[in-house]
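Colleague: Hi! Could you walk me through this one?
Modeller: Happy to, here it is.

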Amino acid sequence: MSVAQSIDAWESRINSGATTTMQKNALVIGGTRFFGRLLVRRLLEAGLNVTVATRGITSDDFGSTVSRVTVDRRDEDAMDRAFAGRGDYDVIFDQMCYSPLDARISESVFAGRVGRYIMASTIEVYAPLLWAKKAPFDEDLIDLSDERTNPDFPWRDETYSESLYGEAKRAAEVWFHQSGILPVVSVRIGHILSGPDDFTGRLRSYVDRVSSGRPLFYSINKGKSSFFNPAGIADFLYWAGQQTFTGAINACANGTLTALEIHQAVASVMGREAQSESMTGISRAAVLSPYDFPADYAMSSARAISLGYKAPDVSQWLPGVIAAQLEHGR
């Protein structure tokens with residue numbers, strides 16, 4: 001079934017009165033931590049009927065305000081059983097689609113049953129373009145129609161999962177785009193800077209460095225990149241769910257940051273002097289910090305802006321995120 005056929009089938013059910021919950025049913029696959037938890041809150045505030053699908057490992061405080069499905073989204077048979085007879089969804093937000101294998105399962109389970117399918121993708125899909133120095137990257141720099149993906153590759157092998165994170169996300173986008181079965185929006189999210197819920201520990205590493213008085217060794221190239229905070233991501237995903245466009249779209253705050261600027265912002269919030277040294281003349285054994293790139297690694301927001309999205313400036317939320325990290329560490 002093509003995207004057009006899927007949308008036509010959905011509209012036909014609405015026009016025939018086959019559904020009594022028009023534009024109210026949302027499914028969030030993975031919604032109990034990070035920006036997924038904030039997205040669920042955002043959807044509830046907007047009055048949607050929200051179903052959260054997780055493995056049931058991480059607890060939440062949603063209480064009876066949401067419906068729950070406990071399922072391993074990587075198990076196709078389990079997904080089929082879990083969603084059999086559950087009806088259709090106006091919008092599905094998939095935070096847990098990490099490979100073309102996951103994309104294929106989603107198509108099998110939700111074909112003809114969803115109005116919009118919002119996949120959380122990543123800025124890392126642009127990683128192969130870093131050395132081409134084409135930043136800021138716009139969505140059309142990746143031609144999803146012209147790429148090939150191998151569903152037989154061991155995408156879920158833990159040996160590859162971290163190193164191929166961006167490539168696997170990109171392959172999932174390619175799969176969705178070329179099959180055309182679901183009306184997919186792939187939201188390419190900028191690098192995330194977060195408070196105490198940041199399980200990556202990247203921003204925390206800057207806080208710890210400043211706290212200990214250790215200098216930041218930074219690349220002389222000082223590549224700029226795009227960032228977003230969890231609240232901004234949740235708002236963007238909610239906004240994307242209310243629109244009609246499909247395809248890839250970049251999601252990030254206005255403005256860019258270098259690793260050195262993140263370090264300096266942390267020091268400023270802490271009321272300390274930022275200690276830093278250029279890698280020029282420094283031993284190659286010095287370890288660069290997270291987000292220190294050899295070239296600009298920023299995304300263009302032109303498409304989102306043209307569609308009516310108003311992004312916050314990075315300076316609006318960065319101090320608050322840093323302060324939350326500090327509070328959590330006390």
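Colleague: How many helices and strands are there in the protein chain?
Modeller: The protein chain has 11 helices and 11 strands. Both are DSSP runs numbered from the N terminus, with H or I over at least four residues for a helix and E over at least two for a strand.

Colleague: Anything I should know about the model itself?
Modeller: It is a predicted model, so local features need pLDDT of at least 70 and side-chain atom pairs count only at pLDDT 80 or more, while totals for chains, interfaces and linings use all residues. Residues are numbered from 1 along each chain as its sequence is written, and side-chain values use heavy atoms, leaving out hydrogens and water.

Colleague: What radius of gyration does the protein chain have?
Modeller: The radius of gyration is 21 Å, which agrees with the value near 20 Å for a compact globule of 330 residues. That radius is taken over C-alpha atoms, and the globule rule is 2.2 Å times the number of residues to the power 0.38.

Colleague: And how much of the protein chain is buried?
Modeller: Of the 330 residues, 48% count as buried. Buried means under 20% relative accessible area, exposed over 50%, and partly exposed in between, with a 1.4 Å probe and protein chains only.

Colleague: New topic: at what angle do helix 3 and helix 4 cross?
Modeller: Helix 3 (residues 76–83) and helix 4 (residues 100–110) cross at roughly 30°, and their axes come within 10 Å. Axes are lines fitted to C-alpha atoms, for helices over the stretch in contact, and angles run from 0 to 180 degrees between N-to-C directions. The two helices are therefore roughly parallel to each other (angles under 35 degrees count as roughly parallel).

Colleague: Which residues make that contact?
Modeller: Glu76, Met79, Asp80 and Phe83 of helix 3 meet Ile105, Ser108, Val109 and Phe110 of helix 4, where contact means heavy atoms within 4.5 Å.

Colleague: How close do the axes of helix 4 and helix 6 come?
Modeller: The axes of helix 4 and helix 6 (residues 165–179) come within 7 Å and cross at roughly 35°. Among the residues in this contact are Ala103 and Arg104 of helix 4, and Ala168 and Trp175 of helix 6.

Colleague: Last one: where is Phe153?
Modeller: Phe153 is in the loop between strand 5 (114–122) and helix 5 (158–161). At 26% relative accessibility, Phe153 counts as partly exposed. Apart from neighbours within four places in sequence, Phe153 is in contact with Tyr160 and Leu164.

Terms used. Parallel < 35°, antiparallel > 145°, perpendicular 65-115°, else oblique.
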